[in-house]
Amino acid sequence: MHELGIMTGVVDAAVGAARDAGAARLLGVTLSIGEMSEAVEDALHFAFDALCEGDPFLEGAELTVNMVRPRSICLECGAEYEHDRFHLFCPACDSFATELVAGRELQIDSIEVDLPDE
C-alpha cells in the first residue's frame, strides 16, 4: 500500500507549510494525482484520515483528490490523446512510439488553513 507513504509525505508537506504560515489548524488539502501512479483514491482517503486521527492540528481536515487521466503524444504522427493505463497505442496511426505527457503527476494543488485572528 504505497498510498500511506504518499499521504505521509503530503501531510508532512501540508503541515509544514501551514505552520510556516502561522496557521492554527489545517482544514483541507487538494491533490492532483495521475492515474498512471496506480494510487487508489479510496486508499489515499483512508491513509489521510488515519494520519489525521488524534492530532488536534489535523482533526477534521478534508482531502480532495483530482485524478488526472493519462494523456500521451505520438512521436510518429504528433497526435495527442487520452487513454487508460493499458492502451498506449496511438489511435491515429497505431504507433507505440508515444510519450506520456500527463497522468503520472502527484502535486499538492492547495491547502486550506485556519489562521488565528490577530
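Which residue in strand 2 does Gly34 stand opposite?

1. Start with that pair. Gly34 stands opposite Val68 in strand 2. Keep in mind that this is a predicted model. From strand 1, the chain passes through helix 2 and on to strand 2. This β-α-β crossover is right-handed.

2. Now look at the pairing of these two strands. Strand 1 covers residues 25-34. Strand 1 pairs with strand 2 in the parallel sense, over 7 bridges. One bridge to find in the model joins Thr30 to Thr64, its partner in strand 2.

3. Next, the sheet as a whole. The sheet is open and has 3 strands. Their order is 2-1-6, and the pairing is mixed. Strand 2 (62-68) and strand 6 (106-114) are the edge strands. Each of these pairs on one side only. From one strand to the next, the twist averages 15°.

4. A general point helps when you view the strands. Side chains in a regular strand alternate between the two faces of the sheet.

5. Then trace helix 1, residues 2-20. Helix 1 lies across strand 1, strand 2 and strand 6. Helix 1 runs at about 135° to strand 1.

6. Finish with helix 2, residues 41-52. Helix 2 packs on the sheet and touches strand 1 and strand 2. The direction of helix 2 makes about 155° with that of strand 2.

Note on methods: Residues numbered from 1 in each chain as written. Predicted model: local features only at pLDDT ≥ 70, side-chain atom pairs only at ≥ 80, totals over all residues. Heavy atoms only, no water. Pairing = 2+ DSSP bridges. Helix = DSSP H or I, 4+ residues; strand = E, 2+ residues; numbered from the N terminus. Axes fitted to C-alpha atoms, helices over the stretch in contact; angles between N-to-C directions. Contact = heavy atoms within 4.5 Å. Right-handed = clockwise from strand over helix to strand, strands pointing away.
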